Amino acid sequence: MLNNNFMKDSLIIPDKKIETNKNFPLFNELSQKQHEQIVFCSRPEAGLKAIIAIHDTTLGPALGGVRMWNYSSENEAIKDVLRLARGMTYKSAISGLNLGGGKGVIIGDSRTDKSEAMFRAFGRFVDGLAGRYITAEDVGMSEKDMEWIFSETKYVTGIPKSLGGSGDPSPVTAYGVYMGMKASVKKVYGSDSLEGKRIGIQGAGSVATHLARYLKKENAKLFITDIFEEKAIKLARETGGAVIDPNKIYSLDLDIFSPCALGGVVNDDTINHLSCGIIAGGANNILDNELKHGEMLRERNILYAPDYVINAGGIINVSSELEGYNEQRAMEKTARIYDTTLKIFDYADKKDITPNKASNILAEQRIQSVGKVSTIYSSKSELSNREGEIYYKYRS
Ligand code: NAD
């Protein structure tokens, strides 16, 4: 699951030569990728071993989910949290959010190691960061776990609607993927209609289900696969699609391949089998190696809609909680993924680079240009419109 090639080719200030010292490997790592802070949280009596990484807070508080995973070593957990935190910086920046990037990981088996004390202890550590890091649900976490965290800190998003939160983000994520897909079709075919387009959906889970419903409304031809065939059958039945064997989805003749299950599915083994014009999906880290496979797709004339751009509906949704959650507002913000995606394609054409590289550069440009604004002196109003502050006001 680790993909350390993520954004290897991005540019945040690394023109500057960064000094390294072999006696300080962790500090070397932090400075190489521009991370600000890493927090180790230990509470043995609560069974808690957690790490919080804050990558960049130029645009606002670092928001990113907490993942519970049975890492095999400390090193693996550190690498993962640093990679994921950095990814959140780019996702929020390109989505126009006033948020930085951060992430938490809890080391342990999510099937056997959970307890109320563990999550409440984690909540206390998050609270201690006083809003520099705002947490949310990620892999291995449940709504109940988030409620326990919420009982110790207000710096948590993605809580249930019944507690004033935004609930399940997957319908909004799917809407964003749909918007990104329409922008991709517009780029390739000149019209954003999906009518009659052959679309392969990998995974028939939450995001895929909502996505398939949008696509059905446009009379797209759907080909659905899941490792649990009954899930694919159910979704295909609802949306008039066909069920495909999980191994056959890659070589199917498609207009659009939409990975909505796992990351790393465009890799050395699959890339030569792909027979599609566009890849636009909800999964994170679709390209096994962002640089290499991004270039290979470009050579093959397959348009790749960067995953973290078009699956940003989830973070747009949870971050809306910081303003006092309003579903319509979250959907409106998510609809902007259409324009953002087109802007990225245009920039990629202009610079003759891959869309993923283009989107990394545009995200960095926003961080750098908006970051400069904060050098202008301004006496802060009580509510200066930074989302973390609004959040604080609503929840305290
Ligand atoms: P989910 O668990 O509801 O669905 C995933 C589905 O993929 C499951 O039905 C699973 O059986 C299937 N699957 C797993 N491996 C497969 C394979 N090799 N071939 C075919 N099917 C396979 O998850 P989800 O919430 O729908 O998320 C899907 C993806 O989107 C994940 O990568 C997730 O990280 C990403 N994502 C989700 C959100 C969100 O709001 N839920 C936001 C951003 C990104």
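Start by selecting Ala50 in this predicted model. Leaving out residues up to four places away in sequence, Ala50 touches Cys41, Gly104, Val105, Ile106, Ile107, Phe122 and Phe125. Keep Ala50 and Phe122 highlighted and add Val156, Leu211, Ile224 and Ile279: these six touch the most other members of the largest nonpolar core, which has 107 residues. Domain 1 and domain 2 both give residues to this core, so the core lies between them. As a general background, nonpolar side chains in soluble globular proteins tend to be buried together.

Next, colour by domain. The assignment gives domain 1 as 25-87 + 100-156 and domain 2 as 170-364. A line drawn between the C-alpha centres of domain 1 and domain 2 spans 28 Å.

Now colour by confidence. The mean pLDDT of the protein chain is 91, and 91% of the residues reach 70 or more. Select residues 1-9, where pLDDT stays under 50. For this stretch the model has 26 contacts beyond four places in sequence.

**The ligand shell**

Which residues are closest to the ligand? Select Thr173, Gly203, Gly205, Ala261 and Gly314, the closest of the 25 residues that surround the ligand. Two elements give two or more residues to this shell, α5 (170-189) and α6 (206-217). The largest share, 3 residues, comes from α6. Colour the shell by class to see 11 nonpolar, 12 polar and 2 charged residues.

Move to Ala204, in the loop between β7 (198-202) and α6. Ala204 counts as buried, with 28 C-beta neighbours inside 10 Å. Beyond four places in sequence, Ala204 touches Thr209, Ile224, Asp226, Lys231, Ala232 and Leu235. Of these, Ile224 was already selected, as one of the core residues that touch the most other members. For a long distance across the model, measure from Ala204 to Glu36: the two are 168 residues apart along the chain, and their C-alpha atoms are separated by 38 Å.

**Helix α10**

Gly314, from the ligand shell, leads to the next selection, residues 313-320. This is helix α10, and 8 of its 8 residues are buried, so the helix is largely enclosed by the rest of the structure. The buried residues are Gly313, Gly314, Ile315, Ile316, Asn317, Val318, Ser319 and Ser320.

**Helix α5 and the loop before it**

Go to Lys182, which sits in helix α5. Is Lys182 buried or exposed? Lys182 counts as buried, with 21 C-beta neighbours inside 10 Å. Show Asp192, Leu194 and Tyr338 as well: Lys182 touches these three, not counting residues up to four places away in sequence. From Lys182 to Glu137 the C-alpha distance is 28 Å, across 45 residues of sequence.

Step back along the chain to Ile159, in the loop between α4 (143-150) and α5. Ile159 also counts as buried, with 21 C-beta neighbours inside 10 Å. Apart from neighbours within four places in sequence, the contacts of Ile159 are Met146, Glu147, Phe150 and Gly165. Ser73 is 86 residues from Ile159 along the chain, with 30 Å between the C-alpha atoms.

**A buried aspartate**

Select Asp255, in the loop between β9 (242-243) and β10 (256-259). The cut-off for a buried residue is 20 or more other C-beta atoms within 10 Å. Asp255 has 20 such atoms and is therefore buried. Its contacts beyond four places in sequence are Lys197, Arg198, Ile199, Cys276, Gly277 and Ile278. Between the C-alpha atoms of Asp255 and Phe40 there are 46 Å, and the two residues are 215 apart along the chain.

**Two residues with positive phi**

Most residues other than glycine have a negative phi. Two stops go against this.

Select Ala130, in the loop between α3 (116-128) and β6 (133-134). Ala130 has a positive phi of about 55°, although this residue is not a glycine. Ala130 is exposed, with 12 other C-beta atoms within 10 Å.

End at Asn285, in the loop between β11 (278-279) and α8 (290-299). Asn285 likewise is not a glycine and has a positive phi of about 55°. What is the surrounding of Asn285, buried or exposed? Asn285 is buried, with 24 other C-beta atoms within 10 Å.

Note on methods. Residues numbered from 1 in each chain as written. Predicted model: local features only at pLDDT ≥ 70, side-chain atom pairs only at ≥ 80, totals over all residues. Domains from an automatic or database assignment. Near = placed C-beta within 6 Å. Helix = DSSP H or I, 4+ residues; strand = E, 2+ residues; numbered from the N terminus. Nonpolar A, V, L, I, M, F, W, Y, C, P; charged D, E, K, R; others polar. pLDDT = per-residue confidence, 0-100. Contact = placed C-beta atoms within 7 Å. Core = buried A, V, L, I, M, F, W, Y, C linked by C-beta atoms within 7 Å.
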